[in-house]
Amino acid sequence: MPQAHMEETDHEGAVGERTSTSARARARRLLDRWRDGGIWRRGLILAALAVILGLLMAFHASLPNDIGNLGSLFETFLPWFGLAVPVLLVLALVRRSATALIALLLPATVWLNLFGGLLGDQTGKGGNLTVATHNVDADNPDPATTAKDVAAAGADILALEELKTSAVPTYEKALASTYKYHSVKGTVGLWSKYPISGAQTVDIKMGWSRAMRATVATPHGKVGVYVAHLASVRVKFKAGFTANQRDASGAALGRAIRSETEQKVILLGDLNGTVNDRSLAPVTSQLRSAQGAAGSGFGFSWPASFPMARIDQILVKGMDPVSSWTLPETGSDHLPVAASVKI
């Protein structure tokens with residue numbers, strides 16, 4: 001029996017040695033393939049694609065909007081172009097192309113410079129005012145439940161967009177126990193735990209009321225609060241990314257905010273565009289994104305079933321964002337978004 005055990009041990013050792021030798025041989029063959037001169041000649045097309053991707057992301061603001069608002073469309077989904085980097089990386093490894101691997105440093109660096117700060121958790125503590133906004137969807141089948149779900153988030157100030165006239169009484173009734181004060185102008189409304197004064201429609205050149213402004217007297221001082229639902233955008237086969245009306249309404253909203261007399265300002269609403277979209281610069285250049293400053297991740301809010309872009313925004317001036325987050329689905333095609341700020 002001892003002899004049989006020794007023979008078995010010797011056999012296992014021989015198998016293990018052959019396996020180790022085979023692995024080393026495969027590693028040497030792989031290394032030899034990478035050492036040949038072709039690693040610089042292979043994958044030139046992949047390298048070119050990587051450089052083009054990097055340049056497009058780096059100079060996205062230079063893409064023309066003259067043809068189908070191509071630039072705005074690219075900027076709306078700009079974060080997603082980073083997914084092309086790992087795809088190109090795998091292809092470069094398969095092709096064993098050193099040239100492509102080096103070229104990939106450009107788009108990877110540009111993407112991290114643009115969005116790397118959003119990958120971590122920037123949320124903090126110490127906020128003294130919580131705000132939320134939600135496009136409730138005019139075709140929402142259960143507005144009462146949607147209102148209760150959003151109210152449960154505990155926001156001190158709540159903005160709702162795309163209010164259907166027939167559904168307004170339902171929202172008012174459902175929110176009455178949480179919010180003592182409210183004002184509705186057209187299809188947008190503002191609910192607050194603190195007194196509201198000076199509520200008025202803001203003309204954003206759309207022909208009907210989709211924006212309003214009011215002063216909210218918080219325990220920490222007065223705040224000028226804007227609620228806005230900018231024009232919708234469409235992707236059409238013949239016309240491309242049609243956003244001209246959205247851009248015009250954004251410019252009008254930017255002018256209104258520029259003339260604001262309150263030092264502390266909050267803009268809540270569905271802007272139908274991201275903060276990267278240069279067409280919204282009249283608004284975003286004056287205010288700070290709560291998600292960008294104090295969020296965790298990208299905070300995508302639309303579409304609710306598979307969020308791909310953050311077009312619902314909380315933008316502030318004269319106060320510090322402390323945290324920002326999205327809320328669960330409510331039956332709308334948008335997710336509600338909320339933020340805590342410190343005045």
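These are my notebook entries on a predicted model of one protein chain.

**Overview**

I started with the totals. The chain has 343 residues, and 46% of them count as buried. I get 12 helices and 14 strands for its secondary structure. For contacts with a separation of 6 or more, 68% are between residues 24 or more positions apart. The accessible surface comes to about 16,800 Å², and carbon and sulfur atoms own 60% of that.

**Helix α3**

Next I looked up α3, residues 44-58. Does its length fit? What should 15 residues span at 1.5 Å a residue, and how far apart are the end C-alpha atoms? The expected span is 21 Å and the ends are 21 Å apart, so the two agree.

Then I asked which residues of α3 are buried. My list reads L46, A47, A50, L53, G54 and M57. They take up an arc of only 125° around the axis, so they sit on the same side of α3. That spacing fits the usual rule: an α-helix has 3.6 residues a turn, so residues three or four places apart point the same way. L44 and I45, on the other side of α3, are exposed. As for what covers the buried residues, I noted α4 (70-76), α5 (84-95), α6 (98-103) and α7 (105-115) among the elements involved.

**The cores**

I moved on to the nonpolar cores. The largest has 22 residues, and V131, I157, L190, I266, L268 and I314 have the most contacts inside it. Strands giving two or more residues to this core include β1 (129-135), β2 (157-161), β4 (188-192) and β10 (265-270). β6, β7, β12 and β14 are on that list too.

I picked L268 for a closer look. Beyond its neighbours within four places in sequence, L268 is in contact with V131, A132, T133, I157, A159, E161, V225, Y226, V227, A228, Q313 and I314. There is also a second, separate core of 19 residues, with V202, I204, L271 and L315 among its members.

**Q313**

Q313 turned up among the contacts of L268, and I followed it. It lies in strand β12, residues 312-317. Is Q313 buried or exposed? Its relative accessibility is 2%, so it counts as buried. What does its side chain have for a polar partner? I found the backbone oxygen of G273 at 3.3 Å from a polar atom of the Q313 side chain. Past the sequence neighbours, Q313 is in contact with T133, L267, L268, G269, L271, G273, T274 and V275.

**R213**

Another polar residue I checked is R213, in strand β6. At 10% relative accessibility, R213 counts as buried, because the cut-off is under 20%. Its side chain makes a polar contact with the T215 side chain at 2.7 Å. I logged a further side-chain polar contact, R213 to E260, at 2.8 Å. The contacts of R213 outside four places in sequence include G198, A199, Q200, V202, G224, V225 and Y226, and also E260 and E262.

**L230**

Last entry: L230, in the loop between β7 and β8 (234-236). Its relative accessibility is 0%, so this loop residue counts as buried. What does L230 touch? Not counting residues up to four places away, I wrote down I204, M206, R210, R246, S249, G250, L253, D270, L271, N272 and L280. I204 and L271 are also members of the second core. For M206 I took the distance as well: M206 and L230 are 24 residues apart in sequence, and 8.7 Å apart C-alpha to C-alpha.

Conventions: Residues are numbered from 1 along each chain as its sequence is written. This is a predicted model: local features need pLDDT of at least 70, side-chain atom pairs count only at pLDDT 80 or more; totals for chains, interfaces and linings use all residues. Side-chain values use heavy atoms; hydrogens and water are left out. Helices (H or I, at least four residues) and strands (E, at least two) are DSSP runs, numbered from the N terminus. Buried means under 20% relative accessible area, exposed over 50%, partly exposed in between (1.4 Å probe, protein chains only). A polar contact is a pair of N or O atoms within 3.5 Å; within protein, one must be able to donate a hydrogen and the other to accept it, and residues adjacent in sequence count only if both atoms are side-chain atoms. Contact means heavy atoms within 4.5 Å. A nonpolar core is a set of buried Ala, Val, Leu, Ile, Met, Phe, Trp, Tyr and Cys residues joined through side-chain atoms within 4.5 Å. The expected span of a helix is 1.5 Å times one less than its number of residues. The arc is that of the directions from the helix axis to the C-beta atoms. Accessible areas come from the Shrake-Rupley method with a 1.4 Å probe; for residues, only the protein chains shown count as cover.
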